[in-house]
Amino acid sequence: MTSTRWLAAGFAMTSVVASAAMTSGARAEDLTLCWAAWDPANALVELSKDFEAKSGHTMKFEFVPWPNFADRMLNELNSGGKLCDLLIGDSQWIGGGAENGHYVKLNDFFDKEGISMDDFAPATVYAYSTWPKGEPNYYALPAMGDANGWFYRKDWFERDDIKAAYKEKTGQDLREPQSQKELLQIAQFFQNREIDGKNRYGAAIFTERGSEGITMGATGALYTFGFKYTNTPGKYDMEGAVNSPDAVAGLEFYKELYKTATPPGYTDSYMEQSLDAFKSGQVAMAMNWFAFFPGLHKDPNIGGDKIGFFVNPAEKVAASTLGGQGISVVSYSEKKDAALEYIKWFAQPDVQAKWWSLGGYSCHVAVLNDPGFKDSQPFAPDFLEAMGSVQDFWQEPAYAELLLAMQKRLHDYVVADVGTAQEALDLLMKDWTETFEDEGKI
């Protein structure tokens, strides 16, 4: 693997200039940054030591486990709480953060400090920063690029006996799947297959109902089959988009993947369960966020040469479910000036380069477009490909209600065997129509 030192070295001079530019006379503050508790958060703690050294401010962190993250942080915002000076909030929160006054609008600050959104990948600016969508109104700086991708037991895929058995069964060569249907075929091949004396299964996918799991997993299939939220961007004309024949086919596919190629009892699984199933050797493939890929690659048991990575396979459309977040200044903070200093520091190319080298996912084009980026990690090319075709859930202020409806309809159909895919999507469209009617949007 190519060293990531090339990233930091190329921006060394920027760091010197930035350090000299820090306001030495500013009063030192204790800043609290809120985010989810996961591997990238640990990397951010390490990265932020440089900010502390250069600014004189002290960074504190409030990291909440993913199953509780949304409830905890949205309650904090909705109550006008002052716990968080900085918040790395989910992309879906941007509409509510803007319309409800939770986030500081950053346009004037960006103009003053010469921070250009053109320096960040367009998909991340659109998803993590803007409200209304695509308008040049910025409420966050792209902080953590992410998408739902796949990893697999490369050592199993390369074994002669397994390759021969796959060829005999399918007539095809075993490889990284190039389509959703090929992914299903491979997963079904591994289902209940004995490898090294143990029974293995095809794939670990997302089925969790309580927060966002099954929606984030199923949309990875739905988007590639042609599911859309609306017929017209910026409108709420959902009939024939949400419940289209392509959408039905995508949802039926995801149910077949769940029913025929996942571990037994896998009825309420999300990030942690996917990682556990893969690390324990239960499955040949697993979906999860790119955020976890650096840790997986370093894992002494299943990492290194044993693991491979691939982008979410296309079916009719190349698409990946968007993850990731922007970093915002909370409007209720009493330390906004110091929080804005952090934003300015974090936006620098050299800081973004180090962020990537530590295991975070930079959205800065100077990092992503560097000729050495694709060779810096084995999953870097897949990350770039995924971020070029990401699709996201609703970012409306009522997103939580919209999400709960999709969680219920998908879980009822996929896991609980309630009704048909067509009925599930028809009911979902009705749920969403009622929500938007209540919001005065339609």
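**A tour from Asn-192 to the negative patch**

Select Asn-192 to begin: with a relative accessible area of 47%, Asn-192 is partly exposed, a class that lies between the cut-offs of under 20% for buried and over 50% for exposed. Keep in mind throughout that this is a predicted model. While Asn-192 is on screen, read its backbone as well, since phi is near 65°, a positive value in a residue other than glycine. To place this residue in the fold, show the cartoon and find the loop between helix H10 (180-190) and strand S6 (193-195), where Asn-192 lies.

Next, move to Asp-417, which also has a positive phi, near 60°, in a residue other than glycine. Its relative accessible area is 45%, and Asp-417 is therefore partly exposed. The loop to display here is the one between helix H19 (399-414) and H20, where Asp-417 is found.

Then go back along the chain to Trp-131 and Pro-132, and draw the backbone atoms of both residues, because the feature to inspect is the peptide bond that joins them: this bond is cis, with omega near -10°. Pro-132 itself sits in the loop that runs between helix H7 (122-128) and strand S4 (141-144).

Now turn to the surface and select Glu-99, Glu-401, Glu-434, Glu-437, Asp-438 and Glu-439 together, as these residues form a negative surface patch. Which helix gives the most to the negative patch? Colour helix H20 (residues 421-438), the element with the largest share, which contributes three residues. Within the selection, centre the view on Glu-437, whose place is in helix H20; at 47% relative accessibility, Glu-437 counts as partly exposed.

Finally, zoom out until the whole chain is in view, and colour by secondary structure to bring up its 20 helices and 12 strands. The radius of gyration is 22 Å, close to the 22 Å that the globule rule gives for 442 residues, so the chain is as compact as a globular protein of that length. If you align the view with the principal axes, the C-alpha atoms fill a box of roughly 70 × 55 × 30 Å. A last colouring, by relative accessible area, separates the buried residues from the rest, and these buried residues make up 57% of the 442 residues in the chain.

Definitions and conventions: Residues are numbered from 1 along each chain as its sequence is written. This is a predicted model: local features need pLDDT of at least 70, side-chain atom pairs count only at pLDDT 80 or more; totals for chains, interfaces and linings use all residues. Side-chain values use heavy atoms; hydrogens and water are left out. Patches are made of residues with over 30% relative accessible area and no salt bridge: like charges are joined within 9 Å, nonpolar side chains (Val, Leu, Ile, Met, Phe, Trp, Tyr) within 5 Å. Accessible areas come from the Shrake-Rupley method with a 1.4 Å probe; for residues, only the protein chains shown count as cover. A salt bridge is a side-chain nitrogen of Lys or Arg within 4 Å of a carboxyl oxygen of Asp or Glu. Lys and Arg count as positive and Asp and Glu as negative; His and the chain ends are not counted. The place of a charge is taken as NZ of Lys, CZ of Arg, CG of Asp or CD of Glu. Helices (H or I, at least four residues) and strands (E, at least two) are DSSP runs, numbered from the N terminus. Buried means under 20% relative accessible area, exposed over 50%, partly exposed in between (1.4 Å probe, protein chains only). The radius of gyration is taken over C-alpha atoms; the globule rule is 2.2 Å times the number of residues to the power 0.38.
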